[in-house]
Amino acid sequence: MLSWLYPNICRLCGESCEDGLCEHCRAALPRLTRPLCLHCGAPLGDYPAAADTCPECRDYPRLFDYARQVFPRRDETLKLIYDLKYHGASYLARDLARLLSELWETCTPLSKAVNPVLVPVPITRSRLFDRGYNQALEIAVALGRLRGLPVVQALEHRETGVESQTKLTAAQRQENARLAYRAKSAFREGKRHLPDHVILVDDVYTTGATARACAAALKSLPGKRTVGVLTILRAI
C-alpha cells in the first residue's frame, strides 16, 4: 500500500525505480576516465603520457596510500550528493555503494587488499543531530554488505567552530581537518586494533584535506598499515 501511495522514483529523471536511481540514469552517469593519478585518482588527461602521478602528488606527498573516486563534478552527480546529504535521501547510499563496488574490481590496490576494513569518515555530533545520519557511514554499511567487509567506526570528528569546510581555502581546509579528526580513545589506548589495510569511505573528495587528516590519525596508531580512500565524487 505504501509503495502504491509513495512509489520510489529516480532522483534524476523521476521515473519509477526500486531505489533512488533507475538503471538508465545509473549507466548514463559520467565516470572518471583513465589515465588516473595512481596516488590520488585525479584524471591525467592533460599531462604527458608517461606520467603516472599528478603534479600535486609529486610536489606534496599525501599521507594516504591511494585514493579513488567514481564521478567527476557534474550537475547530475552534485545533485545526488546534495540529495544524500541535505535532502534526507539516505537510501541513495545503496545505489552509490553499488557503484563503489563496481569501481573496486578495476582498482588494483582495492582488488588486491587482504581482509580490509571500511572506516567511514565521521561527522560532528551536532551535524549528526541535525541530519539524522552520517552519509559516509550509510555508504560504508551498504558497501560492506555488498563486499562482505566489516565497518569499523574508528574515528571521531571534534567540533572546531567551523560549520562547513565548503567555503574554506585549501590551506584553511587542511588546518581545520587536522584539528578535527582523530582516532577514538579505544584505538589510541590500544584497547581495540585495526588490521593492516584500512579503507576510508566518504562522499566527496575535494582538496584531500579530510582524507589526509583521517589517514594521519589512523597511521598514528600502533602498527604499520595501508590507508586507502574511497569516495563517490571528485569535486575538483
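This passage walks through the confidence, the sheet, the packed helices and two arginines of a predicted model.

Confidence comes first, since the rest leans on it. The protein chain has a mean pLDDT of 88, with 90% of its residues at 70 or more. Strand β2 sits at the top of the range, with a mean of 98, while helix α1 (residues 2-5) sits at the bottom, with a mean of 44. Residues 1-6 stay under 50 throughout, and the model gives that stretch just 1 contact beyond four places in sequence. Where pLDDT is low, the predicted coordinates should not be read in detail.

Now for the sheet. Four strands line up in the order β1-β6-β5-β2, giving an open sheet with parallel pairing. The edges belong to β1 (66-71) and β2 (117-120); each has a single partner strand, so one side of each lacks a neighbour in the sheet. From one strand to the next, the twist averages 25°. On the β2 edge, the parallel pairing with β5 (residues 197-205) runs over 4 bridges, and one of the bridge pairs joins P120 to V201 of β5. On the β1 edge, the parallel pairing with β6 runs over 5 bridges, with A67 partnered by V229 of β6. Being at an edge does not leave β1 out in the open: 6 of its 6 residues are buried, so the strand is largely enclosed by the rest of the structure.

Which helices pack on this sheet? Helix α4 (residues 75-86) is one of them, touching β1, β5 and β6 (226-234), and its direction makes about 105° with that of β6. Helix α11 (residues 209-219) also packs there, with contacts to β5 and β6 and a direction at about 160° to that of β5. Helix α11 is mostly covered, with 9 of its 11 residues buried; among them are R212, C214 and L218.

Helix α4 has a helical partner as well. Two packed helices are described by the angle between their axes and the distance between the axes. For α4 and α5 (residues 92-106), the axes come within 10 Å and cross at roughly 135°, which makes α4 oblique to α5. The crossing of α4 past α5 is left-handed. At the contact, L80, D83 and L84 of α4 meet L92, A93 and L96 of α5.

Finally, two loop arginines are worth a look. R225 lies in the loop between α11 and β6. Is R225 buried or exposed? With a relative accessibility of 10%, R225 counts as buried. Setting aside residues up to four places away in sequence, R225 touches D65, L194, P195, D196, V198, L218 and K219. One of these contacts, L218, is itself a buried residue of α11. The C-alpha atoms of R225 and H197 are separated by 5.6 Å, although the two residues are 28 apart along the chain.

R192 is found in the loop between α10 (185-188) and β5. Its relative accessible area is 44%, so R192 is partly exposed. Beyond residues up to four places away in sequence, R192 touches V152, A186 and F187. Between the C-alpha atoms of R192 and A213, 21 residues apart along the chain, the separation is 20 Å. A213 is one of the buried residues of α11.

Terms used: Residues numbered from 1 in each chain as written. Predicted model: local features only at pLDDT ≥ 70, side-chain atom pairs only at ≥ 80, totals over all residues. Heavy atoms only, no water. Pairing = 2+ DSSP bridges. Axes fitted to C-alpha atoms, helices over the stretch in contact; angles between N-to-C directions. Contact = heavy atoms within 4.5 Å. pLDDT = per-residue confidence, 0-100. Buried < 20%, exposed > 50% of the residue type's maximum accessible area, 1.4 Å probe, protein only. Parallel < 35°, antiparallel > 145°, perpendicular 65-115°, else oblique. Left-handed = near helix turned anticlockwise from the far one by under 90°.
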